[in-house]
Structures are given as structure tokens and as C-alpha cells.
Amino acid sequence: MRMIDLRSDTITQPTPAMRRAMANAEVGDDVFGEDPTVNLLEETVAERLNKEAALFVASGTMANLVSQLVHCARGDEVILGDQSHIFFYEQGGASVVGGIHPRTVTNQPDGKIDLQDIKTAIRTDDIHFPKTSLILLENTHNRCNGCPIDADYMNAVGKLAKSYGLKIHVDGARLFNAAIAQDVEAHNLVKAADSVSICLSKGLAAPVGSLVCGTREFIKTARRARKIVGGGMRQAGVLAAAGVVAINEMVARLKDDHGNAKTLAKGLAEIDGLSIDPDDVKTNILFFELTRSDITTQMLAEKLNSKGIRLLTSEPNKLRAVTNYHITLNDIDMVLNVVADVLKSL
Ligand code: TLP
């Protein structure tokens with residue numbers, strides 16, 4: 001039975017073009033800066049995001065950690081959304097490794113943080129307080145329905161940060177989804193960012209890797225931070241080769257994932273026992289609620305799994321579906337039929 005896997009866009013397999021590029025990649029020792037394919041990927045992504053330089057790292061988590069380690073000293077405080085991936089899903093790595101203190105503020109349903117809330121959270125110079133150094137934003141915002149965040153808001157936070165002498169890091173694991181959803185170039189969304197991370201191994205379907213971008217000076221220190229967390233890779237060009245294909249060939253097609261997610265949301269909204277507002281779905285991530293109290297989301301997910309459909313459960317009473325490169329419109333039809341049948345049978 002072929003599984004229709006909507007658990008995440010991280011489950012994607014490399015494309016045939018990626019596998020060919022990986023097999024033929026020219027490689028060298030990247031810790032010596034001698035891997036031509038890694039260098040090409042770093043230059044390509046830096047240029048695409050209009051930043052001076054970029055660094056290839058193993059994962060989105062490593063990209064966010066390395067960035068925080070560069071921007072913050074031990075005991076510094078970062079302001080971040082209470083629904084952010086960095087706060088929720090990265091094991092508090094910045095605290096564990098960097099002694100960095102998190103100050104969470106409310107994420108609005110659209111993934112933004114109210115500017116006034118950011119302002120209020122910025123510490124004054126007082127011997128009792130940690131020192132605020134960094135604001136973290138996420139675009140698209142995973143836990144806020146994959147919401148894309150607009151350039152005006154990003155620039156407004158940038159202006160605020162500058163006026164207080166703070167830095168901004170953008171967790172742009174799905175920055176290209178945000179750009180495609182708003183029909184803008186990705187670099188327009190990160191003008192105000194001192195650093196930005198993007199992931200190759202989510203919607204873009206590469207097997208491994210993320211990049212951190214920023215000034216040449218920032219990247220020089222980030223390279224040291226990557227080494228201390230064990231992220232110095234050697235002939236990493238075999239991985240970077242897939243990344244080059246991801247950046248050059250896989251961005252424009254993200255609109256198909258967004259269209260499929262919208263179709264899925266509209267269909268789910270029609271099914272008894274489920275609740276979702278299709279207008280909330282703007283990229284490839286959607287959350288829908290189980291409104292029946294006689295069954296649990298776990299029961300529904302398990303039953304769907306036995307019928308070949310994989311979803312993730314999410315608190316409270318929600319399920320998450322993420323469309324991706326392997327999901328077709330036919331799959332969406334199939335999912336809608338199976339979900340309706342399963343809910344009738346439970
Ligand atoms: N997100 C994964 C899970 O960790 C939840 C997913 O399936 O969505 N930033 C954002 C916004 C992310 O969504 C993720 C991964 C990361 C960072 C971390 O990336 P990796 O998994 O490469 O460390």
C-alpha cells in the first residue's frame with residue numbers, strides 16, 4: 001500500500017535530479033573551505049537572499065542555534081514568540097549550549113508578535129536584569145497555520161530593533177513558502193534580518209541541510225560556532241549538490257503545495273466532526289480540529305494510518321497536515337474520501 005504521508009514536508013525524498021547531482025558532485029574538505037559544491041551553494045543562497053555570505057549547516061535546529069550563539073553572550077536574553085519552533089521544539093538548545101535566556105511573548109494567530117509586546121519585553125539597563133540582545137522571528141510560522149509574514153511587518157520589527165540596538169534572526173525554515181505565498185522575492189522579507197536561516201530539507205525536498213546567511217563578519221563567527229557544536233562537515237558537497245538543485249529548481253513549485261493544502265482544507269471543512277477555516281490556510285501547513293468528543297485525535301490518526309494516510313496529532317484536539325512534493329491533487333481527493341469514511345466508521 002502506498003502511504004500518503006502528510007506528517008511533514010521533511011519526509012520528502014530527493015528528486016532524480018538531486019540524486020544525479022549528488023553522485024557527480026565535485027567535493028573537497030569543507031572545514032578547510034575547499035569543497036567547491038558547498039562554496040557554490042553558500043554563494044547561491046547568499047545572493048538569493050541579498051546577504052553578504054552564507055554557511056551550510058546540518059539542520060534548521062543547528063542554524064538557529066549557531067545564529068543565537070553568534071548574536072548573544074552567555075546570560076543575554078532573546079525575545080521570541082511563545083509558539084515559535086525555537087522555543088517549542090529545539091530542546092532549549094540556546095540555554096543548554098549558550099546560556100541564553102528566552103523571553104517569550106505571545107504569537108498572534110498570524111504568527112506575528114505585537115510590536116508593543118516586543119517593546120515591553122525589551123529590558124532596561126538594570127543590574128537585576130539580563131541584557132536583551134536579539135529578537136527571533138519565524139517565517140512562515142509553523143505552529144500558526146504556516147502563516148506567511150509580510151515584508152512591512154518584518155521591516156517594522158527591524159526599525160524597532162535598530163532603535164534599541166538589538167539584532168534580528170529570522171527562522172526562515174520555510175522562507176521560500178512565505179515568498180511564494182505573497183508573490184515576492186524572498187530577499188524582500190529579510191532586509192531587516194541580521195541573520196536568516198533557510199532549510200533545504202523541507203518543502204524544497206533536499207535530503208539534508210540548512211543555511212545561515214548574514215554579513216561576512218557574522219558568517220566568519222558562525223563558522224566557529226558551527227565547529228564547536230560538531231557541525232564542521234568534510235566532503236559535504238555530496239549534500240550541498242542536492243541543495244543547489246533545491247534552490248534552483250524546487251522553489252517555484254511550492255505554489256502547487258499551497259494549492260493542494262487549500263483544496264484539502266476546503267474539503268475537510270465539509271466533513272462532519274472536523275473544523276477548519278480554509279481562509280487560514282495560506283501555505284503548505286494546515287491544522288484542523290476534531291470536534292467530536294467520543295474519539296481522540298490519536299484514534300483518528302491511527303485509523304487513518306492503517307488506511308495509508310499519515311498525519312500528526314497536535315494539542316489540543318488538532319491534527320496537522322503538510323502538503324509536499326510527493327502529494328498530488330488525486331491524493332488530496334483520496335485523503336478527503338478516506339477521512340470522511342473513517343469518521344463515519346468510528
Ligand atoms: N520542523 C519540523 C518539526 O520539528 C516540527 C516539522 O515537521 O515541521 N524551524 C522551523 C520553523 C521548523 O518547522 C523546523 C522543523 C525547524 C526549524 C528545525 O529544522 P530541522 O528539523 O532541520 O532541525
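Let us start with helix α13 (residues 297-306), which lies across β9, β10 (285-290), β12 and β13 and runs at about 40° to β13. Helices (H or I, at least four residues) and strands (E, at least two) are DSSP runs, numbered from the N terminus. Axes are lines fitted to C-alpha atoms, for helices over the stretch in contact (heavy atoms within 4.5 Å), with angles from 0 to 180 degrees between N-to-C directions. This is a predicted model, where local features need pLDDT of at least 70, side-chain atom pairs count only at pLDDT 80 or more, and totals for chains, interfaces and linings use all residues. Residues are numbered from 1 along each chain as its sequence is written, and side-chain values use heavy atoms, leaving out hydrogens and water.

Now to the strands beneath that description: β9-β10-β13-β12 is the order of an open, four-stranded sheet with antiparallel pairing. Because β9 (274-275) and β12 (312-314) stand at the edges with a single partner strand each, one side of each has no neighbour in the sheet. Pairing here requires that DSSP finds at least two bridges between two strands. Three bridges join β12 to β13 (residues 318-322) in the antiparallel sense, and Thr 313 has Leu 319 as its bridge partner in β13.

Next, visit strand β3 (residues 76-81): six of its six residues are buried (under 20% relative accessible area, 1.4 Å probe, protein chains only), so the strand is largely enclosed by the rest of the structure. Asp 76, Val 78 and Leu 80 point one way, while Glu 77, Ile 79 and Gly 81 point the other. β3 runs parallel to β5 (residues 131-138), joined by four bridges, with Val 78 opposite Leu 134. Five bridges pair β3 with β4 (residues 101-105), also in the parallel sense, and there Leu 80 stands opposite Thr 104.

Technical notes
Buried means under 20% relative accessible area, exposed over 50%, partly exposed in between (1.4 Å probe, protein chains only).
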